[in-house]
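User: Could you walk me through the sheet, the cavities and the cysteines in this model? Short answers are fine.

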Amino acid sequence: MNPFCPASNRLKHPRTAAPFRLDHLLKERQDLFRWPKTFEADIHAITAHIGEAASAGVLAGIETDLQEKAERAARTALGLSDGVSAVFGHSIIQLLEQVLITRSENHPVSTLNRDFFLFDKTLMKLGIAQEKFPTLDELIRKSPSHHTVLLSAPNNPTTQDLSPCELESLVSAREGLVLLDEAYVLFSKAPEHRLAFLKKHPNLVLLRGTSKSGLAGIGLGYMLCCETTAVEFLQSRVSSMISAIQAAMAIRLFGKYDELRRMAARLAGMRDDTGRRIAQETRCHPVSGSCDFLLIRTGRSDCSEIVRTMNDSGIPALAYQRLPGYEDVVKLFPAAFERGDDIVRILSS
């Protein structure tokens, strides 16, 4: 359970008014991305092909071949420079755990007070201490340079992103790794600008996945880093590589990466359009951010009634009642963006 969002925030499915579950939210995001049917057909064909290979006893060779092709597809789609590698895993969190096991070296991990709640649980699970800082500036100034830094950027739950200057200040004076969870990177203003930092700063590691792209069911994460870090990681990783099916899906996904970026830009446009309507037609204030969700400052210290009204109207929303400085904020999920008239009506009342 997210500690920032109290259990009293009961999401309702917009079509059935039944309580929202995670699978409902994933389905809504999948619907919004509107992946073409050809992608689904390709996946079925890939699955059948791999099944035939397994029956013939030649799956191991196909897995290695597909994983190499997946890395090449990622390099091409992202325009990775020489000296930069792409390493795949089952999810961002799985890759993160393995990097931390490899490189934590019994030192605390530096994080921010307001960051992804699963970071706390992951570090606790691994028995790694953390040192939290209230602001990025304080983390940069006070965190020991040999400690690992772990941040989500764009940030969940605040939606704020790192500027190039902030990232340069963060990585340039450090010996330890800087791990950036970029789950929402496609919804930022310049989704690929940080790739140029990878060759210049070998201590930077970018973690990405497919869960926010309407493809959560694939269970695919990937890590972008310098070749030295990639080799060290691959030599010490504690669990298997991705499956042949996941590798085949990655090849297909990166083959359509421009389409993926267009769909993400479309959803980001819906987010920004909803924010503009709220700013123009209500007394509430949207928080400019870089995630696929939208934060709205309502001016009320308790947003429970607003959230309850939205949920009863089939609009998925939560309130950040336990996040200091965000007590008056309502979080709108992507499935809410097509309900602009209803959102404005509720916020206006």
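**Sheet, cavities and cysteines**

Analyst: Let's start with the sheet: seven strands form an open sheet with mixed pairing, in the order β1-β7-β6-β5-β4-β2-β3. Strands here are DSSP runs of E with at least two residues, helices are runs of H or I with at least four, and both are numbered from the N terminus. Two strands pair if DSSP finds at least two bridges between them. This is a predicted model, where local features need pLDDT of at least 70 and side-chain atom pairs count only at pLDDT 80 or more, while totals for chains, interfaces and linings use all residues. Residues are numbered from 1 along each chain as its sequence is written, and side-chain values use heavy atoms, leaving out hydrogens and water.

User: Which are the edge strands of that sheet?

Analyst: An edge strand pairs on one side only. That picks out β1 (84-89) and β3 (130-133).

User: And what does the twist average from one strand to the next?

Analyst: Angles run from 0 to 180 degrees between N-to-C directions, with axes as lines fitted to C-alpha atoms (for helices, over the stretch in contact). On that basis, the average from one strand to the next is 25 degrees.

User: Do β6 and β7 run parallel or antiparallel?

Analyst: For contrast, take β5 (residues 178-181) and β6: they run parallel, joined by four bridges, and Val178 sits opposite Leu204. Between β6 and β7 there are also four bridges, with Arg208 partnered by Tyr222 in β7. The direction of β6 and β7 is antiparallel.

User: How many bridges join β1 to β7?

Analyst: β1 and β7 run antiparallel. One partnership puts Gly89 against Gly221 in β7. The bridges joining β1 to β7 come to six.

User: Why is β7 called largely enclosed by the rest of the structure?

Analyst: Buried means under 20% relative accessible area, exposed means over 50%, and partly exposed is in between (1.4 Å probe, protein chains only). Strand β7 covers residues 221-226. It is largely enclosed because its buried residues number six of the six.

User: Now the empty space: which elements give two or more residues to the lining of the largest cavity?

Analyst: A cavity is a set of points on a 1 Å grid over the protein atoms alone where a 1.4 Å probe fits but cannot get out, and lining residues have an atom within 4 Å of a point. Volume is the space filled by probe spheres set on the points, with grid points joined across faces, edges and corners; the largest cavity holds about 120 Å³. Its lining has 16 residues, with Leu186, Gly209, Ser213, Tyr222 and Leu260 nearest the centre. The elements you want are β6 (204-209) and α11 (257-281).

User: What volume does the second largest cavity have?

Analyst: Val99, Thr102, Arg103, Thr229, Glu232 and Phe233 line the second largest cavity. At least two of its lining residues come from each of α4 (92-103) and α9 (227-236). The volume is about 40 Å³.

User: How many disulfides does the structure hold?

Analyst: A disulfide needs a pair of cysteine sulfur atoms within 2.5 Å. The sulfur closest to that of Cys225 belongs to Cys226, and at 5.9 Å it is too far for a bond. Cys225 is also buried, at 0% relative accessibility. The number of disulfides is zero.

User: Last one: where is Gly176?

Analyst: Gly176 is buried, with a relative accessible area of 6%. Its C-alpha is 4.3 Å from that of His146, 30 residues apart along the chain. The place of Gly176 is the loop between α7 (164-172) and β5.

Technical notes:
On a 1 Å grid over the protein atoms alone, a cavity is a set of points where a 1.4 Å probe fits but cannot get out, and a pocket is an open set with protein on both sides within 12 Å along at least five of seven lines; lining residues have an atom within 4 Å of a point.
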